[in-house]
Amino acid sequence: MLIDTHCHLDAAEFSPDRDAVHAAALVAGVERIVVPAVAVDNFLAVKTTVARYPGCVAAYGIHPLYVMSAKDEDLAVLRDWLRAEKPVAVGEIGLDYYVAGLDPERQAFFFVEQLKLAQEFNLPVLLHVRRAVDQVLKYLRRHPVRGGIAHAFNGSRQQAEEFIKLGFKLGFGGAMTFSGSTRIRDLAATLLLDAIVLETDAPDIPPAWLARGRNAPAELPRIAKVLAGLRAMAPDELAAITAANARHVLPGLG
């Protein structure tokens with residue numbers, strides 16, 4: 001019984017065979033899939049996707065890669081969606097200092113305003129954090145929320161511990177499956193197990209065996225098996241604990 005805490009099932013990459021992708025995930029034992037939005041323009045696509053596919057739930061937010069094209073009024077639209085749709089989280093939100101051309105101040109404005117919305121609706125958040133871990137932590141301390149998930153975690157042990165102190169779980173997925181990802185694999189193997197959740201970020205961050213191909217939620221059992229191997233535990237036990245962790249941090253999963 002697995003939970004994919006981060007999967008863009010609404011993405012265009014799945015348009016040719018989305019039904020089959022979801023069916024394969026169910027057969028593989030993935031019982032819940034969290035589908036985060038990235039911009040106001042795809043809120044409806046996310047809503048339609050989770051309505052169509054059993055076990056899928058939505059999060060709504062404005063991704064840092066989309067803030068340059070977003071309008072300030074989009075925050076009011078987001079508030080309306082949070083009120084009407086009652087998603088499991090606000091997301092995907094955060095900071096990205098890796099991609100060139102993204103204004104840090106514009107990113108920070110949208111991040112902070114969305115943290116305030118998470119406070120207003122008492123919702124956890126799904127965080128995008130790339131080369132901006134300390135900055136994200138700074139804003140979380142200034143605008144505390146009811147926890148959430150640091151998606152595709154790639155920080156240090158000290159940074160991981162700071163997220164955990166703030167009530168966050170850490171998402172591990174395809175990057176952990178590469179033998180060369182020594183820091184991520186060490187963290188996945190040694191952090192407190194109750195701090196870890198599983199994710200695919202499909203169609204992105206494919207695991208090692210896909211050779212840069214399209215990722216999918218049906219890959220989650222094999223990703224879980226890698227983590228179980230790193231921790232020297234049974235895959236079924238690993239699946240049960242990480243699913244419980246996901247439900248704890250995202251109560252809307254049920």
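A salt bridge is a side-chain nitrogen of Lys or Arg within 4 Å of a carboxyl oxygen of Asp or Glu. The structure is a predicted model, in which local features need pLDDT of at least 70 and side-chain atom pairs count only at pLDDT 80 or more, while totals for chains, interfaces and linings use all residues. Residues are numbered from 1 along each chain as its sequence is written, and side-chain values use heavy atoms, with hydrogens and water left out.

**Exercise 1. Find the helices that the salt bridge between arginine 157 and aspartate 186 links, and say how accessible the two residues are.**

Step 1. The closest N and O atoms of arginine 157 and aspartate 186 are 2.9 Å apart, and the two residues form a salt bridge.

Step 2. Helices (H or I, at least four residues) and strands (E, at least two) are DSSP runs, numbered from the N terminus. Arginine 157 belongs to helix H6 and aspartate 186 to helix H7 (residues 182–190), so that the pair links distant parts of the chain, 29 residues apart.

Step 3. A residue is buried under 20% relative accessible area, exposed over 50%, and partly exposed in between (1.4 Å probe, protein chains only). Arginine 157 has a relative accessible area of 32% and is therefore partly exposed, and aspartate 186, with 40%, is partly exposed as well.

**Exercise 2. Is aspartate 96, which meets arginine 130 in a salt bridge, buried or exposed?**

Step 1. The side chains of aspartate 96 and arginine 130 meet at 2.8 Å, N to O.

Step 2. Because aspartate 96 lies in strand S4 and arginine 130 in strand S5, the pair ties together parts that are 34 residues apart in sequence.

Step 3. Aspartate 96 counts as buried because its relative accessibility is 0%, whereas arginine 130, at 31%, counts as partly exposed.

**Exercise 3. Work out which residues of helix H5 are buried and what they pack against.**

Step 1. Val133, Val136, Leu137, Tyr139 and Leu140 are the buried residues of H5. Seen down the axis of H5, they fall within an arc of 165° (taken from the directions from the helix axis to the C-beta atoms), so they line one face of the helix.

Step 2. Contact means heavy atoms within 4.5 Å, and the buried residues of H5 pack against S4, H4, strand S5 (125–130), helix H6 (157–165) and S7.

Step 3. Valine 133, in helix H5 (residues 133–142), counts as buried at 12% relative accessibility. Leaving aside residues up to four places away in sequence, valine 133 touches Gly155, Gln159 and Phe163.

**Exercise 4. Compare the span of helix H9 with its expected value, and describe where its buried and exposed residues lie.**

Step 1. The expected span of a helix is 1.5 Å times one less than its number of residues. The 15 residues of H9 (residues 235–249) should therefore span 21 Å, and the end C-alpha atoms are 21 Å apart, which agrees.

Step 2. Leu238, Ala239, Thr242, Ala243, Asn245, Ala246 and Val249 are buried in H9. These buried residues fall within an arc of 155° seen down the helix axis, so they line one face of H9.

Step 3. Asp236 and His248 are exposed on the other side of H9. The elements against which the buried residues of H9 pack include strand S1 (2–4), strand S6 (148–151) and helix H8 (220–230).
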